[in-house]
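Hi,

Here is the structure I promised to pass on. Have a look at it first, and my notes follow below.

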Amino acid sequence: MPQIASLKIDEKEYPLAVMVGTEGERAIDTRKLRADTGFICYDQGYGNTGSCESAVTFLDGENGILRHRGIPIEQLANFSDFVETAYLVIYGELPNREKRKEFGMKLRQNAAIETQMQRIFEGFPTSAPPMAMLSSIVAALAAHYPQLATNNFERDLVNFDLAAAIAISKIRTFGAMIYRYQKGLPYVFPKQELPFCDNFLHMMFSDPYTEYIAEPEVARALNLVLLLHTDHEQNCSTSTVRTVGSSAANLFTSLSAGICALSGPLHGGANVGVVQMLQAIYDEGDDGTRFIAAAKMGTKANRLMGFGHAVYKNFDPRAKIIGKACEDVLKKLGINDPLLDIARNLEQAALKDDYFLSRKLYPNVDFYSGIIMRALGIPTSLFTVMFAIGRTPGWIANWREVASNPKGRIYRPRQIYMGPVKRDYVPMDQRA
Ligand code: SDX
């Protein structure tokens, strides 16, 4: 029996229904609060507010638990790969052999970028921020595939499978093309026979004379990095995708908005910030000790990037997995990256320091992801694009929940107005 919460304002009591999720999370249903009491809730940044019911990802920040459609991230990291996890997150179940083959074929068939779309790249300076390029080019998918982007939920859901495959596959190809364009290199076209990650690495590093063939451990490491980024509950960029999608905007337009949100340094841009921080510590001949002291000043400018999380008040389980993979991949590739030593020093120092422990600041997924991507030859400038490639299936799954919800509503939060009270217009000649 759902309990009833009670809100007392002055002498009057208001009963509020309690919602209970499948993992026992409880919420007070305040959908009638304003109508019944004239009050709204105030929760800056929505840290204590549920915006939706979702069945995609369960996250327990206190206990460092992350599951996609009920399957623990540790098991997916050990036994699955990015494409299979993308299918699970989007469609709700692990694919059987036939469905996995069909989904993989759809991704391979939609990897190439038509000539007209290629011309978009020429509109950007080669120094343009890759995420600014990516968000613009992904928005253009709605222009190039208007039949899949009608801004009508019913019609767009009929074509959902193809739109989803195009988004996942082409956003990966766009990533490689942005790299080539910025380096002044000719584009390398996808090869249908290559698996998802091998194809990305081929499009990044092959050239007209020698084809880049990824070592199995390199492709496996990239698979793991993308898999660990697939979805993460209602984070800033996923909530953005849901907000834009709630206006009945099509999938491509909503994904472009998610890419814009992800580009911020407090969110997806943190993996770039981590490597820049580690490089600066290395260049200054510091082993991390001086930096930790500065990070404890608590100013946004000196933050220990890759540490802390809006939800995890324990270890981010992805950080544990990727931290171990970092060691393994660098050892296998025979790479001795001094930044990894510095990262380890910072982690060990922070995990013994009361400033971090008292604020429950632990490594998050971004703390090691940049080091592993460096080892794979991916430039720092492309790290957040890699995060976007990995997060696309999660954004798609969330857009699909919004589009499929017959009782869904447009996202329209309220506010507490703190501006000037009513006053009259002042003609120009009477102004100070
Ligand atoms: C991602 O939401 C998601 O799920 C995101 C993500 C995903 O998969 O989508 O997990 C991906 O975005 C991971 C986070 C990447 N960002 C960073 O690593 C940037 C560094 N971390 C932070 O800026 C910060 O921890 C946030 C933004 C991640 C979380 O911010 P909160 O929860 O709003 O915490 P806060 O800013 O209120 O800080 C609380 C206290 C403050 O100190 P006091 O005012 O209490 O004295 O902790 C301090 C902060 O100064 N603090 C830090 C710190 N993070 C918080 N101090 C030093 N270094 C840090 N990294």
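To start at the ligand: how far is an oxygen atom of the ligand from an N or O atom in the side chain of R391? The distance is 2.8 Å. That makes a polar contact, which here stands for a pair of N or O atoms within 3.5 Å (within protein, one must be able to donate a hydrogen and the other to accept it, and residues adjacent in sequence count only if both atoms are side-chain atoms).

Before the rest, two notes on what you are looking at. This is a predicted model, so local features need pLDDT of at least 70 and side-chain atom pairs count only at pLDDT 80 or more, while totals for chains, interfaces and linings use all residues. Residues are numbered from 1 along each chain as its sequence is written, and side-chain values use heavy atoms, with hydrogens and water left out.

**The ligand site**

R391 has company. R303 puts a polar side-chain atom 2.7 Å from a ligand oxygen, and for R318 the distance from a polar side-chain atom to an oxygen of the ligand is 2.7 Å as well. On its own the ligand would expose 1100 Å², and the protein buries 75% of that (accessible areas are from the Shrake-Rupley method with a 1.4 Å probe; for residues, only the protein chains shown count as cover).

There are 25 residues around the ligand, and those that come nearest are H232, R303, H309, R318 and R391. A residue gets into this shell if one of its heavy atoms lies within 4 Å of the ligand. Sorted by class, the shell holds 10 nonpolar, eight polar and seven charged residues. For that split, Ala, Val, Leu, Ile, Met, Phe, Trp, Tyr, Cys and Pro are nonpolar, Asp, Glu, Lys and Arg are charged, and the others, Gly among them, are polar. Domain 2 (73-259 + 386-404) and domain 3 (270-375) each supply at least three residues to the shell, with bounds from an automatic or database domain assignment.

**Cysteines**

How many disulfides are there? The count is zero, taking a disulfide as a pair of cysteine sulfur atoms within 2.5 Å. For C52, the nearest cysteine sulfur is that of C236, 14 Å away. C52 is partly exposed, because its relative accessibility is 28% (buried means under 20% relative accessible area, exposed over 50%, partly exposed in between, with a 1.4 Å probe and protein chains only). C197 is unpaired too, with the nearest cysteine sulfur, on C326, 16 Å off. At a relative accessible area of 2%, C197 is buried.

**Two backbone oddities**

Most residues other than glycine have a negative phi. D10 is not a glycine, yet has a positive phi of about 55 degrees. You'll find D10 in the loop between β1 (4-9) and β2 (12-20); helices (H or I, at least four residues) and strands (E, at least two) are DSSP runs, numbered from the N terminus. D10 counts as exposed because its relative accessible area is 68%.

E233, also not a glycine, has a positive phi of about 60 degrees. E233 sits in the loop between α10 (216-228) and α11 (236-245) and is partly exposed, at 24% relative accessibility.

**One more residue**

Y91 belongs to helix α3 (residues 82-91) and is partly exposed at 23% relative accessibility. From Y91 to T57 is 34 residues in sequence and 12 Å in space, C-alpha to C-alpha.

Cheers
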